[in-house]
Amino acid sequence: MKLFLIISSFLLITSCKTQNTSTKLPSFLIGKWIRVNENDSIKTYETWKKDFTGVGLSLKNKDTTFFEQMKITTIKDNLFLEVSGVNETSTLFKFTKQTDSSFTCENSENEFPKKIKYYIENKQLKAIVSNTDFKIDFVFDKIN
């Protein structure tokens with residue numbers, strides 16, 4: 001009887017365990033992207049690899065005017081977007097919402113942005129970086 005109770009308890013506990021969907025990686029990011037809603041004299045690119053590391057850079061003629069490294073990382077079963085190269089230390093943005101074609105991540109302590117949203121719409125990668133007073137929209141086409 002004790003063995004039955006132990007096995008039943010074990011099965012009950014393991015069957016009630018829910019899968020953490022917050023750690024599903026956003027595969028829609030993967031690829032090379034060029035920003036299409038920008039001043040003609042500046043070219044902005046984002047490249048995301050299969051290991052969910054990415055690079056964002058802006059060029060004016062042949063000069064780099066902006067550069068950042070990005071990485072989707074898991075910390076204690078939660079996804080974060082880690083951005084480095086902009087500030088002295090990396091900045092973490094915690095995933096707060098996620099679907100198969102979008103995610104939002106936030107860091108309320110960061111001056112700008114406090115929120116970053118990526119999503120796919122009409123085969124374009126779109127991003128919005130924002131705080132309570134200001135936002136910047138990015139629209140990218142995939143480069144083949």
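1. A residue is called exposed when its relative accessible area is over 50%, and buried when that area is under 20%. These terms are applied below to a predicted model.

2. Lys-123 has a relative accessibility of 77%, so this residue counts as exposed. Its position is in the loop between S8 and S9. Although Lys-123 is not a glycine, its phi is positive, at about 65°.

3. Asn-122 is likewise found in the loop between S8 (115-121) and strand S9 (124-130). The phi of Asn-122 is near 50°, again a positive value in a residue other than glycine. With a relative accessible area of 67%, Asn-122 is exposed. These backbone values merit attention because most residues other than glycine have a negative phi.

4. A further backbone feature concerns Pro-113, which is placed in the loop between strand S7 (102-106) and strand S8. The peptide bond leading from Phe-112 to Pro-113 is cis, and its omega is near -10°. Most peptide bonds, by contrast, are trans.

5. Turning to the aromatic residues, a search of the whole structure yields 6 aromatic pairs. In one of them, the ring centres of Phe-138 and Phe-140 are 6.1 Å apart and the planes lie at 5°; the pair is therefore stacked. Phe-138 is buried, at 19% relative accessible area, and Phe-140 is also buried, at 0%.

6. One aromatic cluster is formed by Phe-28, Trp-48, Phe-95, Phe-103 and Tyr-118.

7. An aromatic ring also takes part in a contact with a charge: the charged end of Lys-117 is positioned over the ring of Tyr-119, at 5.0 Å from the ring centre.

Note on methods
Residues numbered from 1 in each chain as written. Predicted model: local features only at pLDDT ≥ 70, side-chain atom pairs only at ≥ 80, totals over all residues. Heavy atoms only, no water. Phe/Tyr/Trp six-rings, centres within 6.5 Å; stacked < 30°, edge-to-face > 60°. Buried < 20%, exposed > 50% of the residue type's maximum accessible area, 1.4 Å probe, protein only. Lys NZ or Arg CZ within 6 Å of the ring centre and 35° of its normal. Helix = DSSP H or I, 4+ residues; strand = E, 2+ residues; numbered from the N terminus.
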